[in-house]
Amino acid sequence: MRKVLVLVSVLCFCTAVMAKKDLVTRVEPAEWWAGMAHEELQLMLYGEDIAEAEVRFEDDALRIDRIERTDNPNYMFLYVDVKDAAAGDYKLMVKKGGKRQAIAYRLNSRREGSALRRSFGTEDAIYLIMPDRFANGNRENDLVEGYHEGVVPGDLKMRQGGDIEGIIRHLDYIADLGMTAVWTTPMLEDNDLSMSYHHYACTDYYKVDPRFGTNRDYRRLADECHLRGLKLIIDVVPNHCGWQHWWHNDLPAKDWYNRWEEFTRTNYNTTVWTDPHRSDYDMKLLRDGWFDTNMPDMNLNNPLVFDYVRQAYTYWIEYADIDGVRVDTYPYNDIHTAARLMNALNREYPNLTIVGECWVKSVTEMAYYQTGANNRDGFDSGLQSVMDFTMKDYFDCVFKEPEAWNTGVIRFYNHMALDFAIPNPDMVMNMLDNHDMSRFAAEVNYDKRLYKMGLALVSTLRGYPQFYYGDEIMQISPKGGYENCRHNMMGGWDGDPRSVFTREGRTADENEIYDYLSALLNFRKACPAFHTGSKMKQFIPRDGIYTFFLYQGDAKVMVVTNNNEEERVLQTAPFAEMEIEGHTVRSVTSGEEFVMGKELRVPGKTVLVLEIM
């Protein structure tokens, strides 16, 4: 475990909330750190007519550079010079009329090496968890006073009670599987009136939802991950907040949100950004339209909003010792402003990997969103990594369609051949499914052969894989609708008839899939052919067989996909440049060893992953 040097503030961990009679009833952020790269700290003060107050720090080591007021007199934004301030306790003095208030403020010491923290990359395999649906480790927080929704078992549009403690209890299960990183969907407070379980409509940027646990619990989750060699990835949502956010009915400024005369939804068509013939009408709808009625669109082009959001997510990275970032709905923002936000995070953490959800359906569009792209308009996203939704669609169809000139495994070959357009193909996230789409198991009709083919290829193709909780057991979930891909993990709740977290609790089929994926991922974790600096070489598919190699130094892996129903005999002569003939070969998934000859028999509907000794 990395030693925790952060000193706990005497204030609450999230937002400093004072008594209603105080001049200032809320301060955000309630604590910060000395020695951050950004030398100016924005403090948002909230209180009745607080804009009229006089403010100063008692100690000159913290100097207020400027004060920003808006059209709402209940807010005041202080920009504080913290460049030379040491860690310690400070006091903010507030005076209005005959009243005075002293507010304790703390600058914490940073963890050693915090700025240069190691992040995730091509060597990783990421396990995606929707916390409410994974495991209920603390039934005491199923219903919390002041929160609209409690647990309604079995109703998948309602909360089911999964929480941070439930995740911590099963981290060994995740690590043993061979995963190296955990990405959870958001865990900040979402006090919406309905369907709050997904937490993509934040109502307090400085508070973990108490139905998940406390801020301390979230930091403990990161610590427990690190103890097991797992990285923790935070899901950030800069595009929108929730309509139940505490500021919604008293906005800090009239332009805090992107406003319309009447509710206007986004067109959801992110291709507009890369369309050279786009209309202003379509662009405004995409950029400024609301994601949904309960998700107000944040105006990040307001500098006060930008600084607020930047600091909020910086806070969690620093506070909880987070290892990486996933950005939700990146192209729904003004992407130029989003890029500034990504660069701001990387200014604080130069090695931080940020992967963007850019749900586009072509390689060229995907490439546009990875940093370093040679874009005609000069745009650079600040995203080290992007998610490959095009290849995800190929997984859904390739194994079920006939082999032809442009169908079947040739789709994978052609897709990889377009890597010339991608700045860094090794930093592309591959996936079979996630929390927003039908599960891969349903797409292949629960055919174990096809399912294993998907697991093998997503684990071995260039880039790095992301798996959704339950993928390791081919979790059954019907097609269609968000809730159908968000079922509870069996065994995560008291009273479940069995637990898939244990070998004894899994069915024979579930253990077969679990063992298959575990063999792949634990091999992947140890083999340099999948790590930074590795190379890929592929061969044009012949007779429904697609072959490629991954290699680095002495490490060499051969992957052979037979998409035919029947066994095929693969001639190895075309692979002479890879120097495999006569070498001992081991099947990663079965453990079988043999000497590679001039022919290789490949069973129908099978992917062979072979380590060349």
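Which residue of strand 25 is the bridge partner of R586? The answer is taken up in point 5, after some remarks on the model as a whole.

1. Confidence. The model is predicted. Mean pLDDT for the protein chain is 96, and 98% of the residues score at least 70. The exception to note is residues 1-14, where pLDDT stays under 50. The model nevertheless has 45 contacts beyond four places in sequence for residues 1-14.

2. Helix 6, geometry and cap. Helix 6 covers residues 335-348, 14 residues in total. From first to last C-alpha, helix 6 reaches 20 Å, close to the 20 Å expected at 1.5 Å a residue. The N-terminal end of helix 6 is capped by D334, which has a side-chain oxygen 3.0 Å from the backbone nitrogen of H336.

3. Helix 6, surroundings. Ten of the 14 residues of helix 6 are buried, so the helix is largely enclosed by the rest of the structure. The buried set consists of I335, T337, A338, A339, L341, M342, A344, L345, N346 and E348. Polar N346 and charged E348 are therefore to be read alongside the others under the same cut-off, under 20% relative accessible area. The packing partners of these buried residues are helix 5 (303-320), strand 15 (324-327), strand 16 (353-356) and helix 7 (363-368).

4. Y313. This residue lies in helix 5, one of the elements against which the buried residues of helix 6 pack. Y313 counts as buried because its relative accessibility is 5%, and the cut-off is under 20%. Beyond four places in sequence, Y313 touches L188, Y205, V236, V237 and P238. Y205 is 108 residues away from Y313 along the chain, with 8.1 Å between the two C-alpha atoms.

5. The six-stranded sheet. The sheet is open, its strand order is 20-21-22-27-24-25, and the pairing is antiparallel. Strand 20 (535-542) and strand 25 (593-595) are the edge strands; each has a single partner strand, so one side of each is left without a neighbour in the sheet. On average, neighbouring strands are turned by 25° against each other, direction ignored. Strand 24 (residues 584-587) pairs with strand 25 over three bridges, in the antiparallel sense. As to the opening question, the bridge partner of R586 in strand 25 is E593.

6. Helix against sheet. Helix 9 (residues 410-417) packs on this sheet and touches strand 20 and strand 21 (545-552). The direction of helix 9 makes about 140° with that of strand 20.

How values were computed:
Residues numbered from 1 in each chain as written. Predicted model: local features only at pLDDT ≥ 70, side-chain atom pairs only at ≥ 80, totals over all residues. Heavy atoms only, no water. pLDDT = per-residue confidence, 0-100. Contact = heavy atoms within 4.5 Å. Helix = DSSP H or I, 4+ residues; strand = E, 2+ residues; numbered from the N terminus. Expected span 1.5 Å × (residues − 1). Buried < 20%, exposed > 50% of the residue type's maximum accessible area, 1.4 Å probe, protein only. Polar contact = N/O pair within 3.5 Å; in protein donor to acceptor, adjacent residues only side chain to side chain. Pairing = 2+ DSSP bridges. Axes fitted to C-alpha atoms, helices over the stretch in contact; angles between N-to-C directions.
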